[in-house]
Amino acid sequence: MAKERLLAQNKKIHFMGEIRETQDVYPCDSKIFCQGEFLDAVQNARIFEESKEFVDMKIKNGLDEEIILAEFGKMQNPSVEEIRSFVASHFDQTGSEFENFEFPLKQNPKFLEKISSPEMREFGENVHKIWPQLGRKVKRDVAENNELYSFIPLNYTTVVPTGHDGRFREMYYWDSYWHIRGLLVSEAYQVVFELLNNFKSLVERFGFIPNGTRKYYTTRSQPPFYSTAVHDFYEHCKANPEATNVINMTCEKILEYFLPSMEAELKWWLQNRKIELENGDFGFAYGCPITVPRPEAYLDDQKVLDEIQDSEERRQKARDITSAAESGWDFSSRWVPPGVYNDELKGKVTSLLETSKVLPVDLNSIILNSAVILENLTKKDEYKALKESLMKTIESYMFDAENSTFKDYWFDCEIKHSDKFFSSDFVPLYFKNYPASIDADSRDKAMMESMKKQGVLDFQFGIPQSLDESDEQWDFPNAWPPSVHMIIMGLAKSGSEECRQEAKIQAEKWVNANRDAFVKFGQMFEKMNVEKGSPGEGGEYIVQTGFGWSNGVVLDFLYEFGEDLQVSASSTKSNISKMLTTSLLMLFFFL
Ligand SMILES: OC[C@H]1O[C@H](O[C@H]2O[C@H](CO)[C@@H](O)[C@H](O)[C@H]2O)[C@H](O)[C@@H](O)[C@@H]1O
């Protein structure tokens, strides 16, 4: 890039600098990783393919924020090449937070014995063996010299979503829930205990669990699965008491040990994300206060925000974008107010989303489940009251009885519900916290019929996020492991036989889709295309491999349905044709 272009950008930076000084809310204080002219200049120099690369780098030993800003300040309108070499001489490559360690991988975990199909068993074993590629131990230096890092220090073993060359090099909040589900199947009890200890420590330090363990994620959370995760560990421990020897704690003690941090986390949601409705009713909404571009997606956000003239509207758009990131569904036509999105608006979702105006059904169901768990554990009236109120909100504001589906509630819009399908509509199936007056099995069955009617159980390779092809990653034709898992397990845990049968059909499709991709590419993918069975696409970054939650979900399905799952005819066919091709090639070679 020529010097002149940078100059023009600098002018804009100064203009925005004035506004920011007084009214903007930043993701963190760091003038390197979260805000300021230096960050703006480096990101706009576009020296990396992705904005996230720079904010994950480490400041070189012997330097600090002050020195870097002073030295950079001396450069007069630096060219792109000058910025590139400045970054190279002042920062270390990404990944400098971790040291080598041996992941405690269990040999021959029990779940493998229960899998009847040899191909599925082999797949399960291969997925189980991926954990060491995702396990990480954080260097002590990250805590001791934390000003050099964007990483938040962690004392315990962690698991990241992507392998060593991937973009997700930190612990993610809601991803960890499915990491835990899979690690339990893999009998990695010590690792599960350590992941939960990281959460406990994050709550103690921040009052809540950030989106991920980077400073630029510390003003937003993610779907709050902490209490559910602790409770799942407890349940799994009861069914597999050998876990107690590994963690040196009884199953009951697990609950007691994590309880104060579970309560503190719920309090944070109550204090920071509660929305009052009429008649004393209330619910929860995602609501990140950030008014500037996300450091890790700086250029993407800047592009959208720069189109907005009015400064308050621009700040609100930034809040809506970061709130969508808090939801875990970044991005999706789900966050565009009801009645607005149509095919002509493809590619424009981030300019249209208004995440702060909606009570998402999945978020409210997750928080309700925390209230249920905490009420059972503590017998406190406050959790009983929270449970009853939230159950009422979900039932009366979000349940569409005519169509047997839950719906997000757009409290701040004229049209309160979208008539489009989103897989989040069916998350209540997973928790089954229906009011006592509801017959749970009939409700489950009616919801399954509703999905059938909407055609979303008919795709060959999974259940899509939505039916709108918006070019965003949390929309059609993509299916994401967390959503697929909650729906299928919700059906599997139903008292209705039809639901349980459907769960097996859907689980078999999903495991086969993942297995086929694994056989073809040697990788597990973060999301899948439900029409083609290929890795999912769309959004801000290229599809990632590794992949923590995909592995967790496949392992959980193999644990739950291992006796029944068979390799699908299509993958057997493709394997046979692959074997034939290989044999022919070998024959040709030897001849
Ligand atoms: O950099 C863009 C966004 O990346 C993350 O979101 C996506 O990956 C996460 C890790 O697997 C996952 O939790 C999330 O649901 C995905 O959409 C990150 O969480 C976002 O905050 C970030 O802006």
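## Helix H10 and the residue after it

Just after helix H10 comes Glu187, a residue whose phi is positive, near 60 degrees. The model in which this is seen is a predicted one. H10 itself spans residues 173-185 and is mostly covered, since 13 of its 13 residues are buried.

## Asp232 in helix H12

Asp232 belongs to helix H12, which runs over residues 226-239. Is Asp232 buried, exposed or partly exposed? It counts as partly exposed because it has 16 C-beta neighbours inside 10 Å, whereas a buried residue would need 20 or more and an exposed one would have 12 or fewer.

When its neighbours within four places in sequence are left aside, Asp232 is in contact with Ile180 and Arg181. Along the chain Asp232 and Glu82 are 150 residues apart, and in space their C-alpha atoms are separated by 52 Å.

## Lys129 in a loop

Lys129 is found in the loop that lies between helix H7 (118-128) and helix H8 (131-134). This lysine is exposed, because 12 other C-beta atoms lie within 10 Å and a residue with 12 or fewer is classed in that way. Lys129 and Lys106 are 23 residues apart along the chain, and the separation of their C-alpha atoms is 9.1 Å.

## A sheet of three strands

Strands of a sheet pair through backbone hydrogen bonds, and the pairing may be parallel or antiparallel. In this model an open sheet is built from three strands in the order S3-S4-S5, and the pairing is antiparallel. Strands S3 and S5 are the edges of the sheet, as each of them pairs on one side only.

Strand S3 (residues 98-99) and strand S4 (residues 135-138) run antiparallel and are joined by two bridges. Within this pair, Phe98 stands opposite Val138, while Glu99 has Lys137 as its bridge partner. On its other pairing, S4 meets strand S5 (residues 158-159), again in the antiparallel sense and over two bridges, with Arg136 standing opposite Thr158.

## Helix H19 and what covers it

Helix H19 is made of 18 residues, from 381 to 398, and it reaches 25 Å from its first C-alpha to its last, which is close to the 26 Å expected at 1.5 Å a residue. Which residues of H19 are buried? They are Tyr383, Leu386, Lys387, Leu390, Met391, Thr393, Ile394, Tyr397 and Met398.

Several elements take part in covering these buried residues, including helix H18 (361-378), helix H20 (428-431) and the strands S7 (282-284), S8 (399-400) and S9 (405-406).

## The largest nonpolar core

How many residues does the largest nonpolar core have? It has 150, and those with the most contacts inside it are Val192, Leu196, Phe233 and Leu558. For Leu558, when residues up to four places away in sequence are not counted, the residues touched are Phe111, Ile115, Met120, Gly124, Val511 and Leu565.

## Around the ligand

The ligand has 15 residues around it, and those that come nearest are Pro161, Tyr172, Ala325, Gly328 and Asp330. Sorted by class, the shell around the ligand holds six nonpolar residues, three polar ones and six charged ones.

Note on methods:
Residues are numbered from 1 along each chain as its sequence is written. This is a predicted model: local features need pLDDT of at least 70, side-chain atom pairs count only at pLDDT 80 or more; totals for chains, interfaces and linings use all residues. A nonpolar core is a set of buried Ala, Val, Leu, Ile, Met, Phe, Trp, Tyr and Cys residues joined through C-beta atoms within 7 Å. Two residues are in contact if their C-beta atoms, placed from the backbone, lie within 7 Å. Two strands pair if DSSP finds at least two bridges between them. Helices (H or I, at least four residues) and strands (E, at least two) are DSSP runs, numbered from the N terminus. A residue is near a molecule or strand if its C-beta atom, placed from the backbone, lies within 6 Å of it. Ala, Val, Leu, Ile, Met, Phe, Trp, Tyr, Cys and Pro count as nonpolar, Asp, Glu, Lys and Arg as charged, and the others, Gly among them, as polar. The expected span of a helix is 1.5 Å times one less than its number of residues.
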